[in-house]
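Q: Could you take a close look at one part of this model for me? I'd like to hear about the place where two of the domains meet.

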Amino acid sequence: MGRKVTVATCALNQWALDFEGNLQRILKSIEIAKHKGARYRLGPELEICGYGCWDHYYESDTLLHSLQVLAALLESPVTQDIICDVGMPVMHRNVRYNCRVIFLNRKILLIRPKMALANEGNYRELRWFTPWSRSRQTEEYFLPRMIQDLTKQETVPFGDAVLSTRDTCIGSEVCEELWTPHSPHVDMGLDGVEIFTNASGSHHMLRKAHARVDLVTMATTKNGGIYLLANQKGCDGDRLYYDGCALIAVNGSIFAQGSQFSLDDVEVLTATLDLEDVRSYRAEISSRNLAASRVSPYPRVKVDFALSCHEDLLEPLSEPIEWKYHSPAEEISLGPACWLWDFLRRSQQAGFFLPLSGGVDSGATACVVYSMCHQVCEAVKRGSQEVLDDVRTIVNQTSYTPQDPRELCGRILTTCYMASENSSRETCNRARELAQQIGSHHIGLNIDPAVKAVMGIFSLVTGKSPAFAAHGGSSRENLALQNVQARVRMVIAYLFAQLSLWSRGAPGRLLVLGSANVDESLLGYLTKYDCSSADINPIGGISKTDLRAFVQLCMERFQLPALQSILVAPATAELEPLAHGRVSQTDEEDMGVTYAELSVYGRLRKIAKMGPYSMFCKLLYVWKDVCTPRQVADKVKRFFSKYSTNRHKMTTLTPAYHAESYSPDDNRFDLRPFLYNARWPWQFRCIEAQVLQLERRQHQDLDGVESRQHQDLDGVD
């Protein structure tokens with residue numbers, strides 16, 4: 001009697017609205033799954049159209065083309081003799097649902113709509129879809145004619161049901177449903193479902209990987225069962241990077257782990273597992289069995305098909321493994337690099353242009369590109385034809401095979417140090433040394449003629465010549481003179497991105513990379529339309545603290561000693577005059593706040609959802625050993641004043657890799673006004689009242705101590 005089943009899950013690098021490419025990747029995953037002996041294949045959420053279609057879900061074209069891809073899948077000989085579980089949008093009775101369509105041998109078995117929609121952070125599923133709210137109920141779905149002609153079915157079940165094969169029972173939950181307080185797998189497991197499947201569209205965030213693994217292992221620890229999780233991977237057209245991590249778990253243990261970051265478009269995991277292990281595990285959990293005897297049953301769709309074979313005694317079983325996690329610095333090294341690769345090849349550009357200042361942020365951005373070159377060379381060495389084809393297209397050389405990351409970096413990364421009269425020799429040297437060590441094509445130029453020309457126009461029109469504060473100018477003049485330098489650099493960056501390859505006799509143009517970190521964006525410590533304005537920013541969602549750890553990792557892993565001097569140098573914009581040839585301006589002095597403090601403010605503002613008063617109350621306790629109540633109040637007020645004054649800058653922020661949960665990205669993640677009353681009169685008055693009350697209490701306590709000391713002295717003979 002057969003009881004060993006081979007099941008497959010996958011991570012696919014799908015691209016929003018790339019129906020042709022998405023179809024080919026789905027077919028390839030099914031082909032690999034079948035080749036490995038699997039009889040069930042699970043794919044990512046909304047894999048047919050790509051997860052990130054956003055408002056394109058409203059369009060009838062998206063529904064139509066999804067149905068056309070489904071028809072192609074049903075028709076393909078590749079999908080025969082394996083249960084295929086694919087994701088796509090489906091309209092049922094004029095309502096759009098995010099669905100799993102499960103089919104076998106040209107017959108649709110079940111359309112299972114998502115029941116809990118993700119609607120927080122970057123997710124907006126309720127904007128386009130409606131959750132299926134009728135638990136354990138199905139309706140008849142009338143198939144479109146193009147599908148009827150293939151399946152010879154008029155209607156199929158649509159709703160919350162499970163599949164009952166000849167040898168086991170399979171139940172679906174979709175992405176967010178795993179994260180809900182009462183996930184479907186709980187009652188499905190109690191009703192005898194032995195294999196749970198979860199199709200996800202889950203994006204990378206630093207330090208998040210363990211959450212998915214913990215949820216899956218906990219689900220199968222409490223209830224027993226086999227759990228398959230599929231996920232999208234890669235950049236499918238915007239700021240998010242979907243980080244794979246497909247997995248197969250049984251009874252609380254991991255049996256297969258997919259990569260979190262990879263340049264491979266298709267990754268398939270399989271495991272051969274014994275259904276009896278699930279049954280015997282459940283047999284001794286009496287509390288589970290008591291609950292099972294009371295559970296309401298699920299509608300079952302009978303499937304005349306077995307996942308196991310009759311003669312499977314000698315079939316080897318998969319063994320449990322230990323999940324391997326990346327450190328946050330490794331995640332930065334891999335995730336943004338993979339995102340850049342997807343962006344580069346899909347935008348069909350010839351490389352990147354990076355203004356390299358000699359500081360940590362632009363140095364970290366250069367390291368991300370260098371890490372990408374490392375991964376490309378490694379993938380080609382492993383025999384990835386897709387990566388080789390892509391890199392040949394990018395460098396416009398059909399016989400090219402990358403072997404050395406430095407050599408590849410020289411072809412696709414142009415770095416540029418844009419000096420001014422306020423630049424120091426040290427930053428120039430640091431930029432040049434790093435460029436030499438990573439192999440980038442490096443340009444050194446001076447922006448002073450352009451700055452003088454712009455200021456000359458102003459002086460000609462107004463008859464006035466503004467001066468830096470160091471030369472007796474006002475703060476308005478000082479800031480304007482700094483901003484002109486910063487904005488001239490942006491104009492030059494785009495000019496060179498468009499024409500530097502032309503000047504070298506090579507085709508194509510370059511994508512401009514930004515390098516403002518998440519903390520500077522939060523405070524608005526950047527010039528609007530300066531070098532923070534770029535095509536994309538791989539580090540815009542990463543804190544200064546994490547970037548420093550990442551740079552340290554690169555220095556050691558890639559043997560880049562130039563990074564040592566970059567790490568120890570004070571962060572500076574170098575926009576004000578030098579003092580005796582030395583830097584007179586540092587970022588933290590300019591901001592009036594440290595980068596470590598900015599991370600604290602950012603997390604409290606976004607993650608803990610605190611306004612000025614709540615933040616003051618929280619930090620009063622957290623910083624009680626280092627700050628007085630008055631100092632805490634001043635720090636919180638300073639942060640909120642600067643944050644709100646500069647919030648308008650977030651509306652033009654360069655699209656950045658989303659990595660940090662306190663990102664101030666105004667596009668979709670952090671929705672706030674950009675015109676505030678930056679004086680916060682009511683909120684700051686509440687803080688001030690609290691500070692005065694605490695100071696009065698402190699004075700009273702001190703008076704009491706002094707009074708007791710006098711009494712003690714009076715009693716001494």
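A: Here is a walk through that meeting place, with a short detour afterwards.

Keep in mind that this is a predicted model. The domain assignment splits the chain into domain 1 (4–324), domain 2 (329–446 + 493–590) and domain 3 (592–708). The part to zoom in on is where domain 1 touches domain 2: their C-alpha centres sit 39 Å apart, and the contact draws on 22 residues from domain 1 and 19 residues from domain 2.

How much area gets buried there? Between domain 1 and domain 2 it comes to about 1,700 Å², with carbon and sulfur atoms giving 55% of that. On the domain 1 side, look for Leu-206, Phe-261 and Leu-263: this trio supplies 39% of the area that domain 1 buries against domain 2, more than any other three residues.

Now for the polar side of things. Ten residue pairs are in polar contact across the interface of domain 1 and domain 2, counting pairs with both residues at pLDDT 80 or more. Sort the domain 1 residues that touch domain 2 by class and you get eight nonpolar, six polar and eight charged. The number of salt bridges between domain 1 and domain 2 is three. As for salt bridges you can pick out by eye, Arg-207 and Asp-546 meet through their side chains, at 2.7 Å from N to O.

Zooming out, the structure holds 41 salt bridges. Another one to click on is Arg-100 with Glu-47, whose closest N and O atoms are 3.6 Å apart. That pair ties together distant parts of the chain, 53 residues apart: Arg-100 belongs to strand S4 (residues 95–104), while Glu-47 is in the loop between strand S2 (40–42) and helix H2 (60–75).

One last stop is a sheet. Four strands make up an open sheet in the order S19-S18-S17-S20, with parallel pairing. The edges go to S19 (441–446) and S20 (511–512); each has a single partner strand, so one side of each is left without a neighbour in the sheet. S20 pairs with strand S17 (residues 352–355) in the parallel sense over two bridges. To find the spot on screen, start at Phe-353, whose bridge partner in S20 is Val-512.

Technical notes. Residues are numbered from 1 along each chain as its sequence is written. This is a predicted model: local features need pLDDT of at least 70, side-chain atom pairs count only at pLDDT 80 or more; totals for chains, interfaces and linings use all residues. Side-chain values use heavy atoms; hydrogens and water are left out. Two strands pair if DSSP finds at least two bridges between them. Domain bounds come from an automatic or database domain assignment. Contact means heavy atoms within 4.5 Å. Buried area is the accessible area (1.4 Å probe) that two parts lose on being put together, summed over both. A salt bridge is a side-chain nitrogen of Lys or Arg within 4 Å of a carboxyl oxygen of Asp or Glu. A polar contact is a pair of N or O atoms within 3.5 Å; within protein, one must be able to donate a hydrogen and the other to accept it, and residues adjacent in sequence count only if both atoms are side-chain atoms. Ala, Val, Leu, Ile, Met, Phe, Trp, Tyr, Cys and Pro count as nonpolar, Asp, Glu, Lys and Arg as charged, and the others, Gly among them, as polar.
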